[in-house]
Amino acid sequence: MVAHTNGFYARDYSLWLGWNNMRYIIETALLHGRILNRTTVIPSFVYARACEFDIHTCAAWATMVNRGDAVGSDEWRELPIEQQMAWRIPISLMFNLTHIRETHSVVTVSEFLRLHNISASVETGRGNWDTEAYHHVSSTGELEPSLQVIENDWYDPNDIVRVDRIPGDMRERGGWTAEGGDSSRAQIGTWNATSNTSLYHALMDHVPAESRPVLNWNDVRMIVEDGERITSQTSDEEIEVVLKENGFEPLYTFDGAAGMDAVKDVILPILEAVPRERIQGLYEDYSQFSAEVLLVHGEIHWARKPGSLFFTTADSRARFTQTVLYDIRLTENVIDLAWKLRDRMLAINGGRLWMAGHMRRGDFVRLQWAMEADFKAHLARVKRHLDEGRRILESIHGGNVTTYDVPDAKPDPSLAYLDPPLPDDKYYIATDERDSGNLAYLREQGAILISDLLTFEDRREFGWAIMLTDVLALLEQSLLSHAAYFYAHAFSSVAGGVMNLRASMGADPRTAMLD
């Protein structure tokens, strides 16, 4: 696997983040490794943040650490000591590592270290790439394995737009040559053909001055529409031609939930436009390096689109979508148990379709990010949206079912042939709420919780890891992907993971809402 690639692609991983944000970062790393034909190095472990039982019960199965000490953060110091604890667990518990290796070259940090005769015990707890511990100076004075660092502010400063690669037709339009470029930031290439048309300048007038020079497609249509060649009925493909004639390029990316990029799902493909001369290719800039390890320093996750770059073709965007939806797969025990729980929810409601919501509390309440600070108000909001969802399911019943615009999606026919929920049917709630009074209130209001569905036999068959809330959350995400209708917060990465799972299983876009 490793021998067929051009070395390794390494990152500084933010292990203090929750699993879903970590997964987004790993998805991006796998994309970059594939573009550069390098073996992606991912963390050997992540931190589970809570135990369903007494903390010492989980500590009997996984290494318990003080989370702040492990990742070098004071974020949790004011919490009770039990809530400061975390459990270091193998990353293979979080997704099917064997399955991803069928399509991507990937090793863990511990595997990388052993390949280079370095003790796996030196792997950092924070997730950063330790350039001293993971490398050594040879007798000839050279660093081994050899290393090339891409500094954080080189990756995508605001004066450029980072893309996957620059295709031949774009190079020809813009007169791109490999000579030149800002070598102080490891940039390769020069655009020699510039545009001076009135439409180019009109577009440039709308390009943000203080952030990335990217125009959303609605603004592009408004600017290029002239009532003659371009009208409100003009196709996107025709507008792309006009942009290319006037010094701009259409790029392919994804729309974030509620207009934000906090949730990096890949289910809503969109177009955006950028000035051609601002484009820098990941492949062009970084394939020039022959060092065995290519390291991108620091965080390139926040406030960026999925993949932390834009795509220059629809096909390359679709290939990344396949990676997210199908190549990075949950473990088989999670998938199998979620199907069992799905059937139990159907049985509870007499075989009718069932609905679900995600109520993120915990740290969201502490950080004032929760949809509603008051628990009862939060549940009332969820129930209002589920009532709207029930009416949507009634309208779909017996009709046509569609899918998200993603590769290889097959419509879920159960939406059409199973009866929709009744007004008083039970519904499922996934939540990190732990207050016993609030949990009792949920049940009084008709909610079913994960503990209501799981049996002793389920837990024994699944194994010890189900005691850890981060692993249990994977099971809940998988179960939520089966819900006929789903509602959640657009700022929660948990919801983004559910949306990706739903899209991969053929969910109808009408059957979910994030706000």
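Two residues are in contact here when heavy atoms lie within 4.5 Å. Keep that cut-off in mind as you work through this predicted model.

**Exercise 1. Describe how helix α20 packs on helix α21, from residues to geometry.**

Step 1: find the touching residues. On the α20 side they are Gln477, Ser478 and Leu480, and on the α21 side Ser493, Val494, Gly497, Val498, Leu501 and Arg502.

Step 2: sort this contact by character. It holds 4 nonpolar, 4 polar and 1 charged residue, with Gly counted as polar.

Step 3: turn to the axes. Helix α20 spans residues 469-480 and helix α21 residues 493-504; their axes are 8 Å apart and make an angle of about 45°.

Step 4: name the arrangement. Angles under 35 degrees would count as roughly parallel, and 65 to 115 as roughly perpendicular. The helices α20 and α21 are therefore oblique to each other, and the crossing is right-handed.

**Exercise 2. Work out how helix α1 packs on α21.**

Step 1: begin with the geometry this time. Helix α1 covers residues 19-35, and its axis lies 8 Å from that of α21, at an angle of about 60°.

Step 2: classify it. This angle makes α1 oblique to α21, and α1 passes α21 in a left-handed crossing.

Step 3: list the partners. From α1 come Asn20, Asn21 and Tyr24, which meet Ser493, Val494, Gly496 and Gly497 of α21.

Step 4: sort them. The contact has 2 nonpolar and 5 polar residues, and no charged ones.

Step 5: look back at the α20 contact. Ser493, Val494 and Gly497 of α21 also appear there.

**Exercise 3. Place strand β3 in its sheet and say where its side chains point.**

Step 1: lay out the sheet. It is open, with 3 strands in the order β3-β5-β4 and antiparallel pairing.

Step 2: find the edges. These are β3 and β4 (63-66), each pairing on one side only. From one strand to the next, the twist averages 40°.

Step 3: examine the pairing of β3. This strand runs antiparallel to β5 (residues 85-90), and 4 bridges join the two. Opposite Val46 stands Ile89 of β5, while Tyr47 faces Arg88 of β5.

Step 4: recall the general pattern. Side chains in a regular strand alternate between the two faces of the sheet.

Step 5: apply it to residues 45-48. Phe45 and Tyr47 point one way, Val46 and Ala48 the other way, and all are buried.

**Exercise 4. Decide for Leu251 and for Ala120: buried, partly exposed or exposed?**

Step 1: locate each residue. Leu251 sits in strand β14 (residues 248-254), whereas Ala120 belongs to the loop between α5 (109-115) and β7 (136-137).

Step 2: apply the cut-offs, under 20% relative accessible area for buried and over 50% for exposed. Leu251 has 0%, so this residue is buried. Ala120 has 28% and is therefore partly exposed.

Step 3: compile the contacts, leaving out residues up to four places away in sequence. Leu251 touches Val161, Val163, Ile270, Leu271, Glu272, Val274, Ile279, Phe310, Phe311 and Thr312. For Ala120 the partners are Ser110, Leu113 and Arg114.

Step 4: add a C-alpha distance for each. Leu251 and Phe310 are 59 residues apart along the chain, with 6.2 Å between their C-alpha atoms. Ala120 and Tyr134 are 14 residues apart, with a C-alpha separation of 9.4 Å.

Definitions and conventions:
Residues numbered from 1 in each chain as written. Predicted model: local features only at pLDDT ≥ 70, side-chain atom pairs only at ≥ 80, totals over all residues. Heavy atoms only, no water. Axes fitted to C-alpha atoms, helices over the stretch in contact; angles between N-to-C directions. Parallel < 35°, antiparallel > 145°, perpendicular 65-115°, else oblique. Left-handed = near helix turned anticlockwise from the far one by under 90°. Buried < 20%, exposed > 50% of the residue type's maximum accessible area, 1.4 Å probe, protein only. Pairing = 2+ DSSP bridges.
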